[in-house]
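Me: I have a model open beside me and would like to go through it with you, one question at a time. Shall we take a look?

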Amino acid sequence: MKDENKTKAELLKELEILREEREKGVFKNITECKQAEEDLKKNEHFLNNIFESVQDGISVLKPDLTIRHVNKIMNKWYEENLPLEGKKCYEVYHNAHKPCDPCPTLRCLESGKTEWNVVPGLPGSPVKWIELFSYPIKDQNSGEIIGVAEFVRDITKRKQAEEELKGSEERLKILFDYAPDAYYISDLKGNFIDGNKAAERVIGNKKEELIGRNFFKLKLLSLNDMPKAAKLLAKNIRRLPTGPDEFVLNRKDNSRVTVEISTYPVKIKGRALALGIARDITKRKQAEEETLQKTEDMALINTINDAVNRGDT
């Protein structure tokens, strides 16, 4: 064979070359492994910085709901319960001895789907309301769920603002409903949207009987008042207030009521509407007519007295 014809020196030289190549390959593998380790450390450091620096709370749970990792913001929110790792999440976040019912985290584990919920925070913590996002963590090979990552957002201020807004809306609703004058809201075509209790008393109809109907077609207005009402509505369309203007309304029981109406263009949830305020002046008008009649009677009496005093027939 050819190898048998090689001298000892040649064989030793080839052996040395093979040894050097093998050492180079080993060195290369070691270098690549070292580089991979360095890259992994850098990535871990980068991800850890993100994990710790985000303003939302993050916790990683095991399938038995034991807390595995939490970030700094979670520790800040629940500092009285340090350390959080190793405790059951329901013990820390809900101060309970067992999971709540229903439990978003358990649903996430069972379904393997993302869960979103708004839940109360822990009593004693500055975080009173939280927005909870639960994500299943799956094994890349088997697909088995091995935990849950939960992202917790503090929405306490938002909830407080919502409660304050709701309280303001409720107070305004009370003021609207129990105002002494008749309040109503219509669109710019004359269709009723809402009305208060005084409006029901003035016209004798429940607001449910009027909502969605057009006041030009309800025979509430006399024929003489129709053109005037149309002009006022046209002003509202141009974003102009009107009134007070006098109208005579036909009530449900066929009686009539005299009102002074003022209207104001408003926007509710981006929709252009008109707020109308109708004041019942029926008694005032009657009193004015009675006063006028008395004045006329007195004038007539004075005329008669003057005539008598002058000896006129």
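**Contacts, turns and a cavity**

Me: Happy to begin with P99. Which residues does P99 contact, leaving aside its neighbours within four places in sequence?
Reply: Keep in mind that this is a predicted model. P99 sits in the loop that runs between α3 (89-93) and α4 (104-111). With the neighbours within four places in sequence set aside, its contacts are L65, Y90 and L106.

Me: Is P99 buried, partly exposed or exposed?
Reply: Buried would need a relative accessible area under 20%, and exposed one over 50%. P99 has a value of 27%, so the right word is partly exposed.

Me: How far is the C-alpha atom of P99 from that of K88?
Reply: P99 and K88 are 11 residues apart along the chain. In space, their C-alpha atoms are separated by 9.0 Å.

Me: L65 turned up among those contacts. Is L65 buried or exposed?
Reply: L65 belongs to the loop between β1 (57-61) and β2 (67-70). Its phi is near 70°, a positive value in a residue other than glycine. The cut-off for buried is under 20%. L65 has a relative accessible area of 3%, so the answer is buried.

Me: And N254, which also has a positive phi: is N254 buried or exposed?
Reply: The loop between β8 and β9 (256-268) holds N254, and the phi of N254 is near 75°. Its relative accessible area is 72%, so N254 is exposed.

Me: Which peptide bond is cis, with omega near 5°?
Reply: Look in strand β8 (residues 242-250), where P244 has its place. The cis bond leads into that proline, from G243 to P244.

Me: What does S262 touch, not counting residues up to four places away in sequence?
Reply: S262 is part of strand β9 and counts as buried, at 12% relative accessibility. Both G243 and P244 are among the residues it touches. The full list is T242, G243, P244, L275, G276 and I277.

Me: Let's turn to helix α7. What distance separates its end C-alpha atoms?
Reply: Helix α7 covers residues 226-237, which makes 12 residues. At 1.5 Å a residue it should span 16 Å. The model agrees with this, because the end C-alpha atoms of α7 are apart by 17 Å.

Me: Which residues of α7 are buried, and within what arc do they fall?
Reply: The buried residues are A229, L232, L233 and N236. Seen down the axis of α7, they line one face of the helix, because they fall within an arc of 100°.

Me: What covers those buried residues of α7?
Reply: Several strands take part in the cover. It includes β6 (182-187), β8, β9 and β10 (271-280).

Me: Which residue just after α7 takes a positive phi?
Reply: The phi in question is about 65°. The residue is R239.

Me: Which residues lie nearest the centre of the largest cavity?
Reply: There are 2 cavities of 30 Å³ or more, and the largest has a volume of about 430 Å³. Its lining is made up of 28 residues. Those nearest its centre are Y184, F192, F215, L220 and I261.

Me: Which elements give two or more residues to that lining?
Reply: Both helices and strands contribute to the lining of the largest cavity. The elements are β6, β7 (192-195), α6 (197-203), α7, β8, β9 and β10.

Me: How many residues of that lining are nonpolar?
Reply: By class, the lining of the largest cavity has 6 polar and 3 charged residues. The nonpolar residues number 19.

Conventions:
Residues are numbered from 1 along each chain as its sequence is written. This is a predicted model: local features need pLDDT of at least 70, side-chain atom pairs count only at pLDDT 80 or more; totals for chains, interfaces and linings use all residues. Side-chain values use heavy atoms; hydrogens and water are left out. Helices (H or I, at least four residues) and strands (E, at least two) are DSSP runs, numbered from the N terminus. Buried means under 20% relative accessible area, exposed over 50%, partly exposed in between (1.4 Å probe, protein chains only). Contact means heavy atoms within 4.5 Å. The expected span of a helix is 1.5 Å times one less than its number of residues. The arc is that of the directions from the helix axis to the C-beta atoms. On a 1 Å grid over the protein atoms alone, a cavity is a set of points where a 1.4 Å probe fits but cannot get out, and a pocket is an open set with protein on both sides within 12 Å along at least five of seven lines; lining residues have an atom within 4 Å of a point. Grid points are joined across faces, edges and corners, and a volume is the space filled by probe spheres set on the points. Ala, Val, Leu, Ile, Met, Phe, Trp, Tyr, Cys and Pro count as nonpolar, Asp, Glu, Lys and Arg as charged, and the others, Gly among them, as polar.
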